[in-house]
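Dear colleague,

I am passing on the structure below, and my notes on it follow underneath. Please read them alongside the coordinates.

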Amino acid sequence: MAGEAGLLKSLGPRVRVQAEDIKAAALWGVAATTTALWLIQPFDWLKKTLFEKPEPEK
């Protein structure tokens, strides 16, 4: 990991990972997750799986 810092210093300022790149990646992740949930709409399954207690077997 120590060589990694030296590698980043040797790159030009336009090639390094900037804070804006991290923000953009996070925004695209949120957008992709939201789109997947909108397309699949697993809300009934989530409600049954997470919030309803299973009936006891007799």
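**A salt bridge and its helix**

E20 forms a salt bridge with K23, and the closest N and O atoms of the pair are 3.6 Å apart. Please bear in mind that this is a predicted model. The count of salt bridges comes to one.

Both E20 and K23 belong to helix α2, which covers residues 19-40, and they are three residues apart, or about one turn of the helix. In general, an α-helix has 3.6 residues a turn, so residues three or four places apart point the same way. As for their surroundings, E20 is exposed, with a relative accessible area of 52%, and K23 is likewise exposed, at 53%; both are classed this way because the cut-off for exposed is over 50%.

Turning to the helix as a whole, the 22 residues of α2 should span 32 Å at 1.5 Å a residue, and this agrees with its end C-alpha atoms, which are 32 Å apart. The number of buried residues among those 22 is zero, so α2 lies largely in the open.

What makes up the nonpolar surface patch of about 420 Å²? The patch is made by W38, L39 and I40. Of these residues, I40 is found in helix α2 and, with a relative accessibility of 62%, counts as exposed. After α2 comes Q41, whose phi is positive, near 50 degrees.

With best regards

Notes: Residues are numbered from 1 along each chain as its sequence is written. This is a predicted model: local features need pLDDT of at least 70, side-chain atom pairs count only at pLDDT 80 or more; totals for chains, interfaces and linings use all residues. Side-chain values use heavy atoms; hydrogens and water are left out. A salt bridge is a side-chain nitrogen of Lys or Arg within 4 Å of a carboxyl oxygen of Asp or Glu. Helices (H or I, at least four residues) and strands (E, at least two) are DSSP runs, numbered from the N terminus. Buried means under 20% relative accessible area, exposed over 50%, partly exposed in between (1.4 Å probe, protein chains only). The expected span of a helix is 1.5 Å times one less than its number of residues. Patches are made of residues with over 30% relative accessible area and no salt bridge: like charges are joined within 9 Å, nonpolar side chains (Val, Leu, Ile, Met, Phe, Trp, Tyr) within 5 Å. Accessible areas come from the Shrake-Rupley method with a 1.4 Å probe; for residues, only the protein chains shown count as cover.
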